[in-house]
Amino acid sequence: MAGGRDYFGVFGLERRLDVDAGELQQRYDQRCREVHPDSGGAREEFEVLQEAFASLQSPARRLRHWLELAGLEGSGRGSVPAPVADRFEEISSLLQAAETVAERHGNAQSALVRSMAESDGMTLQGRLAEAREEVEKLSGAWVSRFGEFDRRGPTEVAAEAGEAIRALTFLEKWADQLRMAWARAGCW
Amino acid sequence: MGTLRPVADPVIGIDLGTTYSAVGIVEAGFPILLANEEGERLVPSVVWFGPGEVKVGRAALSEAPEGRLVRSAKRCMGLRVNEVAEGDLPLEEASGGGVAFVTAEGAVTPVEVSSIILTELKRIAEFRLEREVHRAVITVPAYFNNAQREATKQAGEAAGLDVLRLVAEPTAAALAYGMNKLGERARVAVFDLGGGTFDVSLLEMREGVFEVLATGGDTRLGGDDIDNAVLALVARATRLEDLRVQGEEGDRLRREAVRVKCALSEVERATFRMSSADGAGTLETEVSRGALEGIIADELGTMKRICREVLVDAGSDPEELDAVVMVGGSSRIPVVRRLAGEVFGREPDCSQHPDEVVAQGAVIQAGILAGTWRDLLLLDVTPLSLGIETLGGLMNVLIPRNTTIPCKAGELFTNAREGQESMRVRVLQGERELARDNWELGNFDLSFRRAPRGKARVGVQFSLDENGILEVLARDVEGGGADVIVKIESAAVDVSEQAVEQMVEESVEHAFEDMKARVFAEARLKAEELLPAVEEALGRLEAGLEAVEHEEIVAARREVEEGLAGDEANALKEAVERLDRATEALAARLVEDALAARMGVGRDDI
């Protein structure tokens, strides 16, 4: 929780959703140099910087923070939009399959079993990469509306933003899990 | 490289290594390692305790060891007596649960030994700089836990140094590596195999910011273990059941093992040769590089596993890396370089001086803290998850591993019963589900005001500082008032617990008193895994198997089935090994096929 703090302000940014990732990274690096204890900064300030960065880096959390600053709440309750809900089954089972293969590989006692798990892993890696692209596309569709949200303002878009937050929260979690599973399958 | 300002009170950078240490300072914008009177920049991390005198480094090595020479003290820093195996010297428990080396002059702790080495390094710096030195940056393995880090800090303070920062060794190496590549953005793995510790870190370097993405390691894996492997080979070849590694003969054995190990990095075969103390006989045997690589298979497997975990933690594919930098004396070993190359999918970068690069990095960090470079920054992480034990004996993670430090996490505690006055909290570091499988950092008692159940509230803040060391603050949420620093009691070694553990181990041993039963059981497990796998593999790849190959597999499989039905341990073991070998080619082809499918090409194109 921000505790009333304006995370955009921490980076000298306006309260606009449409933030360029590269820009944010550069400002983060610069602020790090300024407030890290090594440069004589206070530990609390550094910790706030970390929270602010994590918040703004995630589109879901950025959107929620933007609403909070306007005194509104991004509703956690409500349905998850169809394009995301439809993917739930497929992505869950893909992640589960990756987990199973990783376990088989880890527990293997013979070269044969290990190599079968490796070969399964390679097949999976292809599917994992596809799923990652899909998830990125879906996230991108929501994030591309941020400019529009900025123009219309938080009060007007509160409901739609709530829906976006729910969708993006799932998508971000999947992106993370798929990335880890993909990395694991890639380094056997 | 930024404007240089004269530094009033210099900060030295120290690599406190398991086998070698070094000290340096920034001079005219460059990290320079300082040499002693003999012109040596590397000081062996050994201390000799004589009657009324102490010697460090090469001077210590020139004395007769005779139960007076302490080496590799770093391996025992911050450890409890039940966590260490005896090496050259006998060990005993020190007050507070740590260990102490029993020398001819009495017991001495690893912190004391390290502080003596640090005192010598301080002396060298003052000798070269012709002025007093008070402040230092000291390196630690990235994977050092809380107690090991605190012990290092204490050693520095005992040597009269204000330890400004503990910097992780692979991070320091990355700093030295990346210093003259600041304009480029890069993702780099640092593979650091030193005398006693192994660390792998994945970093991103962007315009002067060095950010650690993930780190992993083993604080009890290093060159020393490879020395022991050489001795094991010698013992096996000469049929000496146990080579005495303690005492003067032990010391000469170790030195010869080190010489052979280093030689095998240059040549394929080397002769281990040592005459006995009384000159009566000579121990002589040839050691081959292949044999050494074979006997350290477990260690190599561990390194591989850790590298892969770090890649996963960082969510990174090996292809995304720009370099893998080899650090540490033992990274010179050919099989280690091959392993790093294999896991990270590229030729390892051996451009850095493996023994000096960490020290150079420590010096650069010292320079950063002294204000020499304003645009450089190290963002490091905590290597181990930090948490507390909860009801049910589980570990509740408060700060996950690879979180950027400094960082903090808070937890609210309340009284479970009316009038409960205190609650014991056990603080843990590690990745396992169960509290007892993790390493206990310590514990503390939280006090509650008298209140109905659930009404007393104490907020506890767990804070990891820039050194990765824990500080705990508690605050009575209901009563207001200031934060109280909570003193963590180091986990006492419960001797009876130790005895119980030993008992359990012994009973497991006795259960397998019959070696044959154990061999059979192990072979059976492997057979039970292999048989269905062979079925499946044949199903996937039957076409394209040569008749001869297929016949051998069928024959070997039949032998395994017969072995399972019988009770001859060795027969089953050999049959399983035969099947394993018979399916090797099959295994390789499965992987090739999958790779080809992935790349969308024919198998023969690979």
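1. In which sense, and over how many bridges, do strand E5 (residues 46–50) of chain B and E6(B) pair? In this predicted model, the two strands run antiparallel to each other and are joined over four bridges. Within this pairing, B:Val47 of chain B has B:Val56 in E6(B) standing opposite.

2. The pair belongs to an open sheet of three strands in chain B, whose order is E6-E5-E7 and whose pairing is antiparallel. Strand E6 (53–56) and strand E7 (69–71) of chain B each have a single partner strand and stand at the edges, so one side of each is left without a neighbour in the sheet. From one strand to the next, the twist averages 20°. As general background, the strands of a sheet pair through backbone hydrogen bonds, in either a parallel or an antiparallel manner.

3. A helix accompanies this sheet: helix H2 (residues 110–129) of chain B lies across E5, E6 and E7 of chain B, and its direction makes an angle of about 70° with E6(B).

4. The largest nonpolar core of the model has 198 residues, and B:Val47 is one of those with the most contacts inside it, in a group that also includes B:Ile14, B:Val137, B:Ala173 and B:Phe191. The largest share of this core, 14 residues, comes from helix H9 (residues 154–186) of chain A. Apart from this core lies another, of 15 residues, among them B:Ile226, B:Ala229, B:Leu253 and B:Val260.

5. B:Val325 is also among the residues with the most contacts inside the largest core, and its neighbours can be named individually. Leaving aside residues up to four places away in sequence, B:Val325 touches B:Ala173, B:Tyr177, B:Val188, B:Val190, B:Phe191, B:Asp349 and B:Gln352.

6. Taken as a whole, chain B has 15 helices and 27 strands, and 43% of its 606 residues count as buried. A compact globule with 606 residues would have a radius of gyration near 25 Å, and the 27 Å of chain B agrees with that expectation. The C-alpha trace of chain B spans about 80 × 75 × 55 Å along its principal axes. Among the contacts in chain B between residues at least 6 apart in sequence, 65% join residues at least 24 apart.

7. The domain assignment of chain B gives domain 1 (11–181 + 353–375), domain 2 (386–496) and domain 3 (515–605). The centres of domain 1 of chain B and domain 2 of chain B, taken over C-alpha atoms, are separated by 32 Å, and their contact takes twelve residues from domain 1 of chain B and eleven residues from domain 2 of chain B. On the domain 1 side of this contact, the elements that give two or more residues are helix H3 (146–158) and strand E12 (162–168) of chain B, and H3(B) gives the most, with four residues.

8. Chain A is divided into domain 1 (7–57) and domain 2 (82–186), and 27 Å separate the centres of these two domains of chain A, taken over C-alpha atoms.

9. Between the chains, 28 residues of chain A are in contact with 40 residues of chain B. On the chain A side, the elements that give two or more residues are helix H2 (21–35), helix H3 (43–57), helix H7 (111–143) and H9 of chain A. The largest share of that side, ten residues, comes from H7(A).

Key:
Residues numbered from 1 in each chain as written. Chains lettered and ligands numbered in written order. Predicted model: local features only at pLDDT ≥ 70, side-chain atom pairs only at ≥ 80, totals over all residues. Pairing = 2+ DSSP bridges. Axes fitted to C-alpha atoms, helices over the stretch in contact; angles between N-to-C directions. Contact = placed C-beta atoms within 7 Å. Core = buried A, V, L, I, M, F, W, Y, C linked by C-beta atoms within 7 Å. Buried ≥ 20, exposed ≤ 12 C-beta atoms within 10 Å, placed from the backbone. Rg over C-alpha atoms; globule rule 2.2 N^0.38 Å. Domains from an automatic or database assignment.
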